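Please read this briefing alongside the sequence and the 3D view. It is arranged by topic and can be read in any order.

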Amino acid sequence: LQFLYFIDRCKGVMNIVVMACVVWGWTLRERPWMDASLPIDQRVDALLPKLSVEELAAQVRALDATDPDTLIQQYANTSVGTSTLFLPQDINRVQDAMMNHSRWGIPVIFQFESLHSGGFWATVFPMPLSLGATWNTSLLTTVYDIIGNQTRRAGARIGFAPVINLFPDPRYGRFQEAFSPDPALTALYTRVAVLGLQGSITGNATTYLPPNKVISLAKHYAGYGGGAGGLNCGGLHASEREVRDVYLKPWRAFAKYGGRGAMPSHQTVFGVPMHANPYMVNEIFRKELGFGEGLTISDCNDIGTLVDYRVAYNRSDAAARALNGGVDQDLQCGDETYTFENIQAALDAGSLQLETLQTAVRHVLTAKFAVGLFDNPYETPYNDTDPAPYRAVSREAAEQSSVLLKNDGVLPLANPNWEKTAVVGWLATDDAYYALTGPYSSLGATIETYYNTTFRGLGARYSEGAHPEQPANVTMINEAVSLAQASDQTILIVGDSLNTCGEWIDRSDLNVPGGQLALLEAMVAAEVKNIIMVVVSGRPMTFGTNNTLLDGVSAMLWVGRPGEAASSALLNILTGAVNPSGKLQAPWVKTVGHIWSGAAPFQQEVVGKWVYYQKSTPDPDGRVYDSYVFDDNGVADPLFHFGFGLSYTTFAVGNMKVLPYNAQAQTVTVMYDVTNTGTRAGAEVTQVYLIDPIGSPVVRPWKRLAQFSKEYLAPGAATTVSVVLGFDDIALTSLDMKSMVIARGQYTVRVGTSAHDDQLAGYFVVY
């Protein structure tokens, strides 16, 4: 009887299995796009023709949603393209509604701003500008690998990252969101960021991604932040050659290493809004750069802005122009343009063809299939969002991104008497959370501790002194100066709050804001000894007339937006537990009048006069110029040069050798020795610059960064560095602007520790 009962139960189980197989077989026959064994393009081909215009219109909508119930109520019947991130349990409710109530069971793809963190309560790393100061691609690979993993674990399948804009004007409020204004340095960081976010797969958009990774959708294509005056959304007034050689260089790297999409930029390029610019998007982005089926998502409400530009007559016309211009999805932040009504009206008017709309949806569906959304749309709730190993990486990134700009010998602090140490500045307080973590950081993240808490815990005394958003308060300043005068050393923390440097917060000058400049003036006037100035900022800064106040400062350390481990990283550097190794990823000008005057290497052109780092070099007529730009205070050389940064030890670079150009591989190898000549272990960043051949038919930058290397050396240790310059490092746009080429002639190679200190020189010849 037991045997017969067992057989009967088995029959029941078998019937269930058989029924499941029958149902799944029917599903795959009727809905072949659900077959995960098929290539992505075949799955898209199977689903796309079935969608009605209303369903197509729903897929080109990207929602800035805040309420899952509202999303379900509005889109359960049609599904929708993209949404901002919810908690996993809410994502599952949304997906359940989309899969079971819409005709074709199309899930929603969720996105997150993954600039320097991923998801709710996740690890907050330093902002991209700070990461750019590490000059460490290995570290950034680890950082973006973690960000990719955490973004995916949170439930997002698209990360709006990396930001690979070049922001040449430091008055621009979003300066802190990008790695560097230098195209080569940004391109080198772009490679590791996209590989970290997406994994090692470099195929095109129709390749399946690893299950723990996200689509890297970079921002903002292209030339964003390059407008005059450092104004957000200012049009890019640049020649096509400059656009290609400068602003598109990081995008070529993004394409080469598998980046899968882009957010078009807010502004105009060649006088045409980027959200209705078929030449820049359809021709250059998709065809020339090779993004093909990659996804494009508008920035907030920018398709509707076409009406404000007076390019479009109305919202329907704007929708048609944007879709014709290659923008697949409309990110709707309360302003809707890609609605069914607007799209249907454009189809009826003939300004939009059905095939164009279907092409946009093809890109949306390709992304959804690539991240496995149809195969597993549901998410698993998680707990440990900021584990200790990730926090350790964040701290290392904060340490390596700190740049020592001045040191009269006061640092590192050797056995300091903390009770005789003053800590001054609003940025040391608990109110400075976003000043340390920056915008677009993880929602709900926890900072380990604040500067004030850390140093007061050691016995130091605190005074606010001044606020970056408020005018000088004499009483507060006097209290801070009195405390500093009674101390052995003063840690003066100044810089930007999130309300003095951020999106839509562009400035007309670079002086340290609020009452902080008056605070610094008072301390210097009072001859406070051993001022250690820590600058928390998302942009370069200046310090009053001629920056002479810096003469009264014993040490100066830029920490940028250091992330959640800000306090422990600073303590480690000040006490010498960590030797600073950061280098400036952008030059610091002496005054706003010097912006665009040639402070950055890629901005330099030799046109009859010599630029700042060619001082006292005679021209062919024997004339000598200190600089092309003069003012009442002298020449326009930077306050701090690109690539500059001090250490607690010293280094020597020598014995440079440039091997012959390898024509077959289109590479050249540069070799040189780096020696730690000091008494402490430390790291040195050596930078390789190129000077293009004489006789080039177009004007090239006087010199440009090509590659770099970062070496960690014990005291007295030496190493031979071998840097390979490849095609991407050497080539520039051809005369006809149809291809990238390596010009013939003799190239000069210079190696040093900054754009100014590049004393080693060699050459190679391309025949």
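The notes below cover two sheets, a further set of paired strands, a pocket and two individual residues.

The model is predicted. One open sheet has six strands in mixed pairing, and another has three strands in antiparallel pairing. The second largest pocket holds about 590 Å³ of space.

**Six-strand sheet**

- The strand order is β11-β16-β15-β14-β12-β13, and the sheet is open.
- β11 (403-407) and β13 (461-463) are the edge strands, each of them pairing on one side only.
- On average, and with direction ignored, neighbouring strands of this sheet are turned by 20° against each other.
- Strand β12 (residues 421-424) runs parallel to strand β14 (residues 489-495), and four bridges join the two.
- Within that pairing, Thr 421 has Gln 489 of β14 as its bridge partner.
- Helix α21 (residues 566-575) packs on the sheet, where it touches β14, β15 (531-536) and β16 (555-558). The direction of helix α21 makes about 150° with that of β16.

**Three-strand sheet**

- This open sheet follows the order β21-β22-β25, with antiparallel pairing.
- Its edge strands, β21 (651-658) and β25 (718-725), each pair on one side only.
- Neighbouring strands here are turned by 25° against each other on average, direction ignored.
- β21 and strand β22 (residues 668-676) run antiparallel and are joined by six bridges.
- Gly 654 has Asp 673 in β22 as its bridge partner.

**Pairing around β28**

- Strands of a sheet pair through backbone hydrogen bonds, in either a parallel or an antiparallel sense.
- Strand β28 (residues 745-752) pairs with strand β23 (residues 682-691) in the antiparallel sense, over five bridges.
- Tyr 689 stands opposite Arg 750 of β28.
- β28 is also joined to strand β29 (residues 760-766) by seven bridges, and these two strands run antiparallel.
- In that pairing, Gly 745 stands opposite Val 766 in β29.

**Second largest pocket**

- The lining of this pocket comprises 26 residues.
- Closest to the pocket centre are Asp 64, Glu 113, Cys 300, Cys 333 and Tyr 440.
- By class, the lining has 14 nonpolar, five polar and seven charged residues.

**Asp 69**

- Asp 69 belongs to helix α4 (residues 68-75).
- Asp 69 counts as partly exposed because its relative accessibility is 43%, and this class lies between the limits of 20% for buried and 50% for exposed.
- Arg 93 is 24 residues away from Asp 69 along the chain, and the C-alpha atoms of the two are separated by 8.6 Å.

**Thr 206**

- Thr 206 sits in the loop between α8 (183-198) and β5 (215-221).
- Its relative accessibility is 28%, so Thr 206 counts as partly exposed.
- Leaving aside residues up to four places away in sequence, Thr 206 touches Ile 40, Glu 293 and Thr 366.
- The C-alpha atoms of Thr 206 and Arg 260 are separated by 9.2 Å, with the two residues 54 apart along the chain.

Methods:
Residues are numbered from 1 along each chain as its sequence is written. This is a predicted model: local features need pLDDT of at least 70, side-chain atom pairs count only at pLDDT 80 or more; totals for chains, interfaces and linings use all residues. Side-chain values use heavy atoms; hydrogens and water are left out. Two strands pair if DSSP finds at least two bridges between them. Axes are lines fitted to C-alpha atoms, for helices over the stretch in contact, and angles run from 0 to 180 degrees between N-to-C directions. Contact means heavy atoms within 4.5 Å. On a 1 Å grid over the protein atoms alone, a cavity is a set of points where a 1.4 Å probe fits but cannot get out, and a pocket is an open set with protein on both sides within 12 Å along at least five of seven lines; lining residues have an atom within 4 Å of a point. Grid points are joined across faces, edges and corners, and a volume is the space filled by probe spheres set on the points. Ala, Val, Leu, Ile, Met, Phe, Trp, Tyr, Cys and Pro count as nonpolar, Asp, Glu, Lys and Arg as charged, and the others, Gly among them, as polar. Buried means under 20% relative accessible area, exposed over 50%, partly exposed in between (1.4 Å probe, protein chains only).
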